[in-house]
Amino acid sequence: MYKNSPEYRKYRRRISHNHRAKHPDKVRARVAGQVLNKKPCELCLLEDKTNLDVEAHHNNYKKPWKVRWLCKSHHEEVDTEIDRRKNE
């Protein structure tokens, strides 16, 4: 399938629709993260650095407006720690 073909666009719409239907909490959280004003990475600030290239991290997708702003490296660290705790 070519990305510009009608078949591919139809395929992507179906995948997207299925994801939104299966994970409505994640979709709401993502929209909330895009609507909120970004703040510097809260963990970089603890290290006396300011990083404005941030991503929204949700501890609980059922509370989409409760967002932690983290840079990519800190976001990966937090997600890795959460995964590690789940597997204990």
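## Fold

The protein has four helices and two strands. This is a predicted model. Read from the N terminus, the order of elements is α-α-α-β-β-α. The protein is more spread out than a compact globule, because its radius of gyration is 17 Å, well over the 12 Å that the globule rule gives for 88 residues.

Along the principal axes, the C-alpha atoms fill a box of roughly 50 × 30 × 25 Å. Take the contacts between residues at least 6 apart in sequence: 44% of them join residues at least 24 apart.

## Surface and charge

Of the 88 residues, 22% are buried. The accessible surface comes to about 7400 Å². Carbon and sulfur atoms account for 50% of that surface.

The protein carries 22 positive and 13 negative charges. The mean positions of these two sets lie 12 Å apart.

## The nonpolar core

In soluble globular proteins, nonpolar side chains tend to be buried together. Here the largest nonpolar core has eight residues. Three are cysteines: Cys 41, Cys 44 and Cys 71. Val 54, Val 67 and Val 78 belong to this core as well. Trp 69 and Leu 70 complete the set. Strand 2, residues 68-71, gives the most to this core, with three residues.

Cys 71 is a good residue to look at next. Leaving aside neighbours within four places in sequence, Cys 71 is in contact with Cys 41, Cys 44 and Val 54. Cys 71 also touches Asn 51 and Asp 53 under that condition.

Conventions: Residues are numbered from 1 along each chain as its sequence is written. This is a predicted model: local features need pLDDT of at least 70, side-chain atom pairs count only at pLDDT 80 or more; totals for chains, interfaces and linings use all residues. Side-chain values use heavy atoms; hydrogens and water are left out. The radius of gyration is taken over C-alpha atoms; the globule rule is 2.2 Å times the number of residues to the power 0.38. Buried means under 20% relative accessible area, exposed over 50%, partly exposed in between (1.4 Å probe, protein chains only). Contact means heavy atoms within 4.5 Å. Accessible areas come from the Shrake-Rupley method with a 1.4 Å probe; for residues, only the protein chains shown count as cover. Lys and Arg count as positive and Asp and Glu as negative; His and the chain ends are not counted. The place of a charge is taken as NZ of Lys, CZ of Arg, CG of Asp or CD of Glu. A nonpolar core is a set of buried Ala, Val, Leu, Ile, Met, Phe, Trp, Tyr and Cys residues joined through side-chain atoms within 4.5 Å.
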